[in-house]
Amino acid sequence: MKKLLITRRIAEPVLDQARDRFDVTLGDGALTEDQAAAALTAYDAILPTLGDAFTAKAFEEAGANPRCKILGNFGVGYNHIDATAAAAHGVIVTNTPDVLTDATADIGWTLILSTARRAGEGERMLRAGQWGGFGPKSMLGTHVTGKVLGVVGMGRIGQAVARRGHFGFGMEVLYYNRSPKAVDFPARQVDSLHELMGTADFVVVTVPGGAETTRLINAAALAAMKPTGIFVNIARGEVVDEAALIEVLEAGRIAGAGLDVYEKEPHVPERLRALENCVLLPHLGSATVETRQAMGQMALDNILAWDDGRDPPQRVN
Ligand code: DGY
């Protein structure tokens, strides 16, 4: 039986299927670079996820022809895996697109609405026993319907966020995408990130992580936002200069932020946690029972395809 490492516990029905075919070892935490290197030499296949450090150095440490031949990643984002280094070492990398698009777009909307309507702040106040009752001017937020939604990155998740904005909230949708991208609902592609940041009432970042998008949202991009603007990140923490974001929020230069991802997860800076105008979620984008099961199934299906000698359908390298 081939040896499969699943680095974190996943849905039981998927685990059962994995155990029918492989000698499964179940991990319980993110792999460091050294642990990732060791795993590449000890297992035939690995089902890793966010935080497992399959860096170029890990592949180098594992040698030219490691025992592991496939990383069936649990997650659409695979910026924790150096897919180029993997290919150079003969390791296939796959991911889990599509199945988490709606769940992640829904979290984007959870953040838009809860930041605009001060839901986190209001709940904290109520739970602290400090609610003094209804008041015509108390806890006023900002209207969402009919405003301008700016989407950074018009991939699957960006489109799902934008569709909800157009069809559900009557918003004008603008988007910034590096390459020209046609969509099948009313939305306008703008030429520059600066234009998008400066025009939208709500900016939602949905680009993939990785070297090309690291700190795409820098101090200059944030400075272009309207003072009433709300910034939402459901992509990867490193896409945003977190220190610059904290500065504009502390200075009140934008109205608020809704974040699901952070530069050094699970660390969330104290200064960010202290801000009332932020809604902070613990990377919940794909966190529904249905979605996480579908992600596990897709990750395993890719590994099963490899084991059958077929080309894994969601191969990325
Ligand atoms: C992914 O799949 O990349 C997500 O970030 C997990 O929610």
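Colleague: Which residue has an N or O atom in its side chain 2.7 Å from an oxygen atom of the ligand?
Modeller: This is a predicted model. A polar contact needs N or O atoms within 3.5 Å. An oxygen atom of the ligand meets that cut-off at 2.7 Å, and the side-chain partner belongs to Ser286.

Colleague: How much of the ligand does the protein bury?
Modeller: Taken alone, the ligand exposes 230 Å². Of that area, the protein buries 90%.

Colleague: Which residue offers a backbone N or O atom to an oxygen atom of the ligand?
Modeller: His283 uses its side chain, with an N or O atom 2.8 Å from a ligand oxygen. The backbone atom lies 2.7 Å from an oxygen atom of the ligand and belongs to Val76.

Colleague: How many residues of the shell around the ligand are charged?
Modeller: The ligand is surrounded by Gly75, Val76, Gly77, Leu100, Arg236, His283, Ser286 and Met295. Glycine counts as polar, and arginine as charged. The shell divides into three nonpolar residues, four polar, and, as for charged, one.

Colleague: Which strands are at the edges of the seven-strand sheet?
Modeller: The sheet is open and its pairing is parallel. Its order is E8-E7-E6-E9-E10-E11-E12. An edge strand pairs on one side only, and that holds for E8 (188-189) and E12 (278-280).

Colleague: Which helix packs on that sheet and touches E10, E11 and E12?
Modeller: The helix also touches E6 (148-152) and E9 (202-205). Its direction makes about 150 degrees with that of E10. It spans residues 101-116 and is helix H5.

Colleague: What is the bridge partner of Val232 in E11?
Modeller: Strand E10 covers residues 230-233, and E11 covers residues 256-259. The two pair in the parallel sense over four bridges. In E11, the partner of Val232 is Gly258.

Colleague: Why is one side of E2 and of E5 left without a neighbour in the sheet?
Modeller: The open sheet has five strands in parallel pairing, ordered E2-E1-E3-E4-E5. E2 (23-26) and E5 (92-94) stand at the edges, so each has a single partner strand.

Colleague: What is the average twist from one strand to the next in the five-strand sheet?
Modeller: The pairing in this open sheet is parallel. From one strand to the next, the twist averages 15 degrees.

Colleague: Which residue of E3 stands opposite Leu4?
Modeller: Strand E1 (residues 3-6) and strand E3 (residues 45-47) run parallel, joined by three bridges. Opposite Leu4 in E3 stands Ala45.

Colleague: Which helix packs on this sheet and touches E1, E3, E4 and E5?
Modeller: Helix H1 (residues 12-21) packs on the sheet by touching E1 and E2, at about 135 degrees to the direction of E2. The helix asked for makes about 170 degrees with the direction of E3. It covers residues 289-307 and is helix H12.

Colleague: Where is the cis peptide bond with omega near 5 degrees?
Modeller: Most peptide bonds are trans. Pro266 lies in the loop between E11 and helix H11 (270-273). The cis bond runs from Glu265 to Pro266.

Colleague: Which residue has a positive phi although it is not a glycine?
Modeller: Most residues other than glycine have a negative phi. The exception here has a phi of about 70 degrees. The loop between E5 and H5 holds this residue, Asp98.

How values were computed
Residues are numbered from 1 along each chain as its sequence is written. This is a predicted model: local features need pLDDT of at least 70, side-chain atom pairs count only at pLDDT 80 or more; totals for chains, interfaces and linings use all residues. Side-chain values use heavy atoms; hydrogens and water are left out. A residue is near a molecule or strand if one of its heavy atoms lies within 4 Å of it. A polar contact is a pair of N or O atoms within 3.5 Å; within protein, one must be able to donate a hydrogen and the other to accept it, and residues adjacent in sequence count only if both atoms are side-chain atoms. Accessible areas come from the Shrake-Rupley method with a 1.4 Å probe; for residues, only the protein chains shown count as cover. Two strands pair if DSSP finds at least two bridges between them. Contact means heavy atoms within 4.5 Å. Axes are lines fitted to C-alpha atoms, for helices over the stretch in contact, and angles run from 0 to 180 degrees between N-to-C directions.
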